[in-house]
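Let's take a walk through a protein model, one region at a time. Keep the picture open and look up each residue as you meet it.

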Amino acid sequence: MRRSQQELITILQRLRAVTPPTEWVTQSRELLLQEIRRQANAPVPAVPAFDRPRESLAAGWLRLFRQPVVGLVAALALALGSALTVNAAFYSLPGEPLYRLKLAFERTQLVLVSDSTRKAELKVEFVRNRVKELEQLVAQVAPGRTTPQRVSQVVTRFTREVAAVRQEIGRLPAGNRAVFKIAVSVDEARSDLAAQLQAVTQQPEAASAEVTAVVREALAAAEQTSQSALEAAIAAPTSATSSQALPAADVSRFLEEKVAALREQLASRAAPAPPAVAEALDAASAAITEGAFAAALEHLKAAKTLLDQGGGTPQSAAPEANVAEAIGTDQPATSTADGVGATAEFQTSSTVEPPVQPPTGGTETETTQNFLP
Amino acid sequence: MDKLLEKQLLALVQSGDAEAFGQLYTAYVPKIYRYLLFKVATREEAEDLSAEVFLRAWQYLHGQLRTVKSLQALLYRIAKHLAIDYYRQRQPPAYQLDEAAAAGVLDERQQRLFEQVDQSMTVAQIERALRTLKDEYREVVLLRYVEQLTVGEIAEVTARSRGSVRVMLHRALRLLRQQVDSHGETPKPLHG
């Protein structure tokens, strides 16, 4: 049937009924206003002291990271007229109705932040949210709720978000402290993820070949991101201002913990490892003492590669055992400084991506300028 | 939105009034969202880009002494350029989330679109036909008949002459008619 031009126009005009979801409009409006108020009145964020023990140091950073989210959650509760809805969304899991809202909330926060360091910090926050989701999945006692599919969804999203952190690192200014914070935070997230995944292996109904594959990818991605952040922090030129300078004592402590974890792994092996492993670890320790962090990192990578080449854990047909192998649970969970995750330190992986290059063009800046009159 | 009210709000925005900007956001976000929805692959991307449009608009307006003749044109231009950046930067994801979900993305958007409009085959045909058009033709058709911009306003957004816009509208409608009138056939792309 041939349609007249007017009929066509009438049908086109019906498309005007397409509108954005009301919830999203409300949520994004409040986030936008929060962000523009923040940009207008941004105080200099307090830099956490680096002389605290590592546990409270991490807690301090997490508190710093969570502050923007707490404020935004309050704004969102006001906008939606229901703190209960916000809380429900915040604790929702894959497959639940409000999970989509939670992810949209995270995405909108990210879009509305222009500062690259803050973007990276937000992305790390989202990585940690995935770990919390996995923790909740593991804690759900009712059989059938923690399915391989749900575990796989969370872990896959973790992998994607940790890769996004790695991309963001390439855009960060040469602020050694901020990048180092990110390296430590991602490393903690990886350790926590490994610990949660160990718990998953206790639930055979949650572990499967699919989960094994995504677990390997997730841990490799997290390891790579933490490593990239650490390399970037160490490689960046030393800032003249003390507030941004690389915290040498904390970097030393972080690297020494890595060395200790690998030494424990070496000591607990049934089969003897090549002597070069111990030599590499000794060289790493010496380099750390001298403050040569880049060299220490290279020695650590070499030691891990040699350890991996020296023979892995035995293969097993059972999915839960494959998951255990992927996260390195051939040792008791309490035997290492980093817990279970220590055995996955500096793993080489077939999914290693090329180093992130900083953007060479000013596409976004050029684009912004293009619409000037 | 009333032009005088908009002018007053813009003056407040330029002096840093976030609430005034919020009112402008509420008034214009449906238009910008719709515009972007026909340019990107998923509703989520349309939402993200829409939010970014307004953040950039704020950054452009706030604290500046610029005279903005048309906020609408400004917003559409920002959206247009963000969409261009989107096409340039789009890379296949390093980690595939869910192939079934990824494959169904366009269908999901189409389904949501129809839920909001109606279930008639004519709207479905229009939406499919629009997708076959060259981006610049689709853009002028949507701006004119869905967003109800004048030819002059479209010319300003697209940086073309009014005559050029009229010619494009005429051609785009002709092509759309050809697509819609083809009886149930899968529309072939008319222009790359």
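## A covered helix in chain B

Start with helix H8 of chain B, where B:Tyr137, B:Arg138, B:Glu139, B:Val140, B:Val141, B:Leu142, B:Leu143, B:Tyr145 and B:Val146 are buried. That makes nine buried residues out of twelve, so H8(B) counts as mostly covered, with "buried" meaning under 20% relative accessible area. Do keep in mind that this is a predicted model.

How far does this helix reach? From the first C-alpha of H8(B), at the start of residues 135-146, to the last one is 15 Å, close to the 16 Å expected at 1.5 Å a residue. After H8(B) comes B:Gln148, which has a positive phi, near 60 degrees.

## Chain A at a glance

Now zoom out to chain A. What is it built from, helices or strands? Chain A has 14 helices and zero strands, and reading along the sequence you simply meet one α after another.

Of its 373 residues, 51% count as buried. The accessible surface of chain A is about 16300 Å², and 57% of that belongs to carbon and sulfur atoms. Contacts also reach a long way along the sequence: among those in chain A between residues at least 6 apart, 77% join residues at least 24 apart.

One helix to pick out is H6 of chain A, residues 116-139. This helix has 24 residues and spans 35 Å from its first C-alpha to its last, close to the expected 34 Å. H6(A) is mostly covered too, with 18 of its 24 residues buried.

## Charged pairs between the chains

Time for some charges. Side chains of opposite charge can pair when their charged atoms come close. Over all chains, the count comes to 32 salt bridges.

One of them pairs B:Glu19 with A:Arg29, with the closest N and O atoms 2.9 Å apart. B:Glu19 sits in helix H2 (residues 18-37) of chain B and A:Arg29 in helix H2 (residues 22-41) of chain A, so this pair joins two chains. The partners have their own levels of cover: B:Glu19 is partly exposed, at 37% relative accessible area, while A:Arg29 is buried, at 15%.

Another salt bridge brings together the side chains of A:Arg107 and B:Asp48, at 3.1 Å from N to O. This pair also crosses between chains, going from helix H5 (residues 99-111) of chain A to helix H3 (residues 43-61) of chain B. Here A:Arg107 is partly exposed, at 23% relative accessibility, and B:Asp48 is buried, at 17%.

## Charged pairs within a chain

Stay with helix H3 of chain B for a moment. B:Glu47 and B:Arg43 both lie in this helix, four residues apart, about one turn. Their salt bridge has its closest N and O atoms 2.5 Å apart. Are the two buried or exposed? B:Glu47 is buried, at 3% relative accessibility, and B:Arg43 is buried as well, at 13%.

Over in chain A, look for a whole network of salt bridges: A:Lys102, A:Glu106, A:Arg130, A:Glu133 and A:Glu161 are linked in it.

## A tyrosine and its company

Next up is B:Tyr86, in helix H4 (residues 71-89) of chain B. This tyrosine is buried, with a relative accessible area of 12%. Which residues does B:Tyr86 contact, leaving aside its neighbours within four places in sequence? They are B:Lys39, B:Val40, B:Ala41, B:Glu45 and B:Leu49.

Two of these partners are worth a look. B:Val40 is 46 residues from B:Tyr86 in sequence, but their C-alpha atoms are 8.0 Å apart in space. With B:Glu45, the side chain of B:Tyr86 makes a polar contact of 2.9 Å.

## The nonpolar cores

Finish on the inside. The largest nonpolar core has 79 residues, and B:Phe54 and B:Leu130 touch the most other members. H2(B) supplies the largest share of this core, twelve residues.

Beyond its neighbours within four places in sequence, B:Phe54 has contacts that include B:Phe21, B:Leu24, B:Tyr25 and B:Leu75, as well as A:Leu32 from chain A. There is also a second, separate core of 56 residues, whose members include A:Val186, A:Leu197, A:Ala218 and A:Val277.

How values were computed
Residues are numbered from 1 along each chain as its sequence is written. Chains are lettered from A and ligands numbered from 1 in the order in which they are written. This is a predicted model: local features need pLDDT of at least 70, side-chain atom pairs count only at pLDDT 80 or more; totals for chains, interfaces and linings use all residues. Side-chain values use heavy atoms; hydrogens and water are left out. A salt bridge is a side-chain nitrogen of Lys or Arg within 4 Å of a carboxyl oxygen of Asp or Glu. Buried means under 20% relative accessible area, exposed over 50%, partly exposed in between (1.4 Å probe, protein chains only). The expected span of a helix is 1.5 Å times one less than its number of residues. Contact means heavy atoms within 4.5 Å. A polar contact is a pair of N or O atoms within 3.5 Å; within protein, one must be able to donate a hydrogen and the other to accept it, and residues adjacent in sequence count only if both atoms are side-chain atoms. A nonpolar core is a set of buried Ala, Val, Leu, Ile, Met, Phe, Trp, Tyr and Cys residues joined through side-chain atoms within 4.5 Å. Accessible areas come from the Shrake-Rupley method with a 1.4 Å probe; for residues, only the protein chains shown count as cover.
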